[in-house]
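The exercises below concern pockets and helix packing. Each task sentence is followed by a solution in steps.

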Amino acid sequence: MIYLNNAVKTLYKPTAESLSPVPLERIRALAARLLGVENPSNIFLTRGGDQAMKTALQAYVREGCHIVAVGPEREDTFELLKELGAEVSRVETDAYLRPKYEETEKLIRPETQAVICAHGCSATGNVTDLERVCAIAKKHEIPVISDGRCTAGAIDVNLEELGPDVYCFTGEGMLMGPVGVGGICVRNAKARERIASTAAGENTEPEQKILTAFAASLQFILDKGIYGVTMLPHRLAKRFFESAKAMDSVSVWGDFGTKDRLPVVSVTADGFLPEEICAHMEKKGIIIGVERGMARFSFGYFNTRSEVKEAVLQLMDLLGIDDLYLLP
């Protein structure tokens, strides 16, 4: 089986050399080092990225408050905001599905309580300019809550430089950790108190065996270096992108002209539903995803060049294309 659905979760994981329990302080220190958090005590570990986002939003959102959403927020985020009774103003996107950043400030009101910003889009691979969003919010003294479930481990993240007040991540994604672990990074004592107060009394800590496996994943990435871990998936995505873009009946979605993006290539094809593309690939032993009306190919550290070639070959087979020059 060829697994190209890493945007949801990674299938292949680094293994722990020892099953001995790893102290929470050690895991926080590893995560802080990887994500550019100056104080490891500013990291809260949770039972997953979804719980991290839920806790963060509950800490800042109250019924009737106004929120500005920048970037391609996931539907579960909007569902939770609706449950919390928030009024949400969404920043429009351009033809490449990038946020129109200049619209952000126009949507901010005196009663705006927070800016929610998805750092990356698992559908298009676009990475939001989080630093720019934080600079706009800072002018109005409004906190920024960033969803980093797609970006942590996929690109170099330095939260001290980017500047969000709250940043949520998941371990099971590009951090190559196990299911059942995530976290919240906060910028200062004020945000730390707010998150701690919201999480108080809840059973949020992951199981010890999960923490041990997560520590191994973090250490693996730190040992290889974030560039060492992310370089191959991005090269594989570029190879697939170049082949797919050259197919007349295929449209590739997202902005591929930026320095930072996720190793994701989402396509639509004339005459085929994305679900049909997905089903065809699965029949051929290739697992991909479907999101927002697109068939998504997402690459990870343990994928290979030959797997990219096979994915291109099977896409050509579905579309009835016989042109070996399209193979990467």
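The source of the coordinates is stated below, and the exercises follow.

This is a predicted model, in which local features need pLDDT of at least 70, side-chain atom pairs count only at pLDDT 80 or more, and totals for chains, interfaces and linings use all residues. Residues are numbered from 1 along each chain as its sequence is written, and side-chain values use heavy atoms, with hydrogens and water left out.

**Exercise 1.** Describe the largest pocket by its volume and its lining.

Step 1. A pocket is an open set of points on a 1 Å grid over the protein atoms alone, where a 1.4 Å probe fits, with protein on both sides within 12 Å along at least five of seven lines; lining residues have an atom within 4 Å of a point. The volume, which is the space filled by probe spheres set on the points, is about 940 Å³ for the largest pocket.

Step 2. The lining of this pocket comprises 35 residues, and the closest to the centre are Ile155, Thr258, Lys259, Asp260 and Arg261.

Step 3. Two or more lining residues come from each of helix H5 (130–139), helix H6 (159–162), helix H9 (226–245) and strand S10 (264–269). Helices (H or I, at least four residues) and strands (E, at least two) are DSSP runs, numbered from the N terminus. H9 gives the most to the lining, with eight residues.

Step 4. By class, the lining holds 17 nonpolar, seven polar and 11 charged residues. Here Ala, Val, Leu, Ile, Met, Phe, Trp, Tyr, Cys and Pro count as nonpolar, Asp, Glu, Lys and Arg as charged, and the others, Gly among them, as polar.

**Exercise 2.** Which element supplies the largest share of the lining of the second largest pocket?

Step 1. The second largest pocket has a volume of about 460 Å³. Its lining has 18 residues, with Glu141, Ile142, Pro143, Asp165 and Asn188 nearest the centre.

Step 2. At least two lining residues are supplied by each of H5 and helix H7 (189–199). The largest share, four residues, comes from H5.

Step 3. The lining divides into nine nonpolar, three polar and six charged residues.

**Exercise 3.** Determine how H11 packs against H10 and against H9.

Step 1. Two packed helices are described by the angle between their axes and the distance between the axes. Axes are lines fitted to C-alpha atoms, for helices over the stretch in contact, and angles run from 0 to 180 degrees between N-to-C directions.

Step 2. Helix H10 (residues 274–283) and helix H11 (residues 305–319) pack at about 120°, with axes 10 Å apart. H10 is therefore oblique to H11, given that angles under 35 degrees count as roughly parallel, over 145 as roughly antiparallel, 65 to 115 as roughly perpendicular and the rest as oblique.

Step 3. The contact (heavy atoms within 4.5 Å) joins Ile277, His280 and Met281 of H10 to Ala311, Gln314, Leu315, Asp317 and Leu318 of H11. Its classes are five nonpolar, two polar and one charged.

Step 4. The axes of H9 and H11 come within 10 Å and cross at roughly 25°, so H9 is roughly parallel to H11.

Step 5. Leu232, Leu236, Arg239, Phe240 and Ser243 in H9 meet Arg305, Val308, Ala311, Val312 and Leu315 in H11. This contact has seven nonpolar, one polar and two charged residues.

**Exercise 4.** Are H2 and H7 roughly parallel or roughly perpendicular?

Step 1. Helix H2 (residues 49–60) and H7 pack at about 110°, with their axes 9 Å apart. The two helices are therefore roughly perpendicular.

Step 2. Thr55, Ala56, Gln58, Ala59 and Tyr60 in H2 meet Ala191, Arg194, Ile195, Thr198 and Ala199 in H7.
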